[in-house]
Amino acid sequence: MGNFTNKELQSLIAKGPGKYADGDGLYFLVPAKGHPYWMLRYTNAGKRRELTLGRYPDMSLKDARLAAATNAKLHRDG
């Protein structure tokens, strides 16, 4: 899991608005206005869902990956 480094996150923020996949359903979103944040995409009962995990830099890359793995396991286990 995980394609990003902290240095790459800074370049994505400078690049501008977008949704960037880190892997295993974890996304880094840079909105046009406001702060970048982490989001987890998962499937529940055949429907795609999105869960906001936290704001960057309040939630680090390491913490976001841990939160994504924990939440993904909770959703898989019911």
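Select residues 6-15, which form α1, and look at how α1 lies across β1, β2 and β3, running at about 40° to β2. Before going further, note that this is a predicted model.

**The sheet**

Show the strands next. There are 4 of them in an open sheet, paired antiparallel in the order β1-β2-β3-β4. From one strand to the next the twist averages 30°. Which strands stand at the edges? Select 18-23 for β1 and 47-55 for β4: each has a single partner strand, so one side of each is left without a neighbour in the sheet.

Now select β2, residues 26-30. On one flank, 5 bridges join β2 to β1, and the two run antiparallel. Label Gly18 and Tyr20 in β1 to see two of the matches: Gly18 has Val30 as its bridge partner, and Tyr20 has Phe28. β2 also pairs with β3 in the antiparallel sense, over 4 bridges. For this pairing, label Leu29, whose bridge partner is Tyr37, and Phe28, which stands opposite Trp38 in β3.

Keep β2 selected and turn on its side chains. Is β2 enclosed or open to the outside? Of its 5 residues, 5 are buried, so β2 is largely enclosed by the rest of the structure. The cover extends to both faces, with Leu26, Phe28 and Val30 buried on one side and Tyr27 and Leu29 buried on the other.

**The turns between strands**

Move to the loop between β1 and β2 and select Asp24. This hairpin has 2 residues between its strands. Asp24 is not a glycine, yet its phi is positive, about 55°. That deserves a second look, as most residues other than glycine have a negative phi. Asp24 has a relative accessibility of 58% and therefore counts as exposed, the cut-off being over 50%.

Go on to the hairpin of β2 and β3, where 6 residues lie between the strands. Select Gly34 there; its phi is positive too, near 100°.

The loop between β3 and β4 holds Ala45. Ala45 is another residue other than glycine with a positive phi, near 55°. Its relative accessibility is 76%, so Ala45 counts as exposed.

**The cis peptide bond**

Follow the chain past β4 into the loop that leads to α2, and select Pro57. What is the peptide bond from Tyr56 to Pro57 like? That bond is cis, with omega near 10°. For comparison, most peptide bonds are trans.

**The helix α2**

Select 61-77 to bring up α2. This helix has 17 residues and reaches 24 Å from its first C-alpha to its last, close to the 24 Å expected at 1.5 Å a residue.

Within α2, colour Leu61, Ala64, Ala67, Ala68 and Ala72, which are buried. Why do these residues fall on the same side of α2? They cover an arc of only 130° around the axis, which puts them there. The spacing fits a general rule: an α-helix has 3.6 residues a turn, so residues three or four places apart point the same way. Turn the view to the other side of α2 and pick out Lys62, Leu66, Leu74 and Asp77, which are exposed.

Return to the buried side and show its surroundings. The buried residues of α2 pack against α1, β1, β2, β3 and β4. Then step past the end of the helix to Gly78, which follows α2 and has a positive phi near 95°.

**The nonpolar core**

To finish, hide the ribbon and look inside. The largest nonpolar core has 17 residues. Which of them touch the most other members? Select Phe4, Leu9, Phe28, Trp38 and Leu53. Among the elements of this core, α1, β2, β3 and α2 each supply at least two residues, and α2 gives the most, with 4.

Centre the view on Phe4. Leaving aside its neighbours within four places in sequence, Phe4 is in contact with Leu9, Leu12, Tyr20, Ala21, Asp22, Phe28, Leu61 and Arg65. Several stops of the tour return in this list: Tyr20 and Phe28 are the bridge partners from β1 and β2, and Leu61 is one of the buried residues of α2.

Notes: Residues are numbered from 1 along each chain as its sequence is written. This is a predicted model: local features need pLDDT of at least 70, side-chain atom pairs count only at pLDDT 80 or more; totals for chains, interfaces and linings use all residues. Side-chain values use heavy atoms; hydrogens and water are left out. A nonpolar core is a set of buried Ala, Val, Leu, Ile, Met, Phe, Trp, Tyr and Cys residues joined through side-chain atoms within 4.5 Å. Buried means under 20% relative accessible area, exposed over 50%, partly exposed in between (1.4 Å probe, protein chains only). Contact means heavy atoms within 4.5 Å. Two strands pair if DSSP finds at least two bridges between them. Axes are lines fitted to C-alpha atoms, for helices over the stretch in contact, and angles run from 0 to 180 degrees between N-to-C directions. The expected span of a helix is 1.5 Å times one less than its number of residues. The arc is that of the directions from the helix axis to the C-beta atoms.
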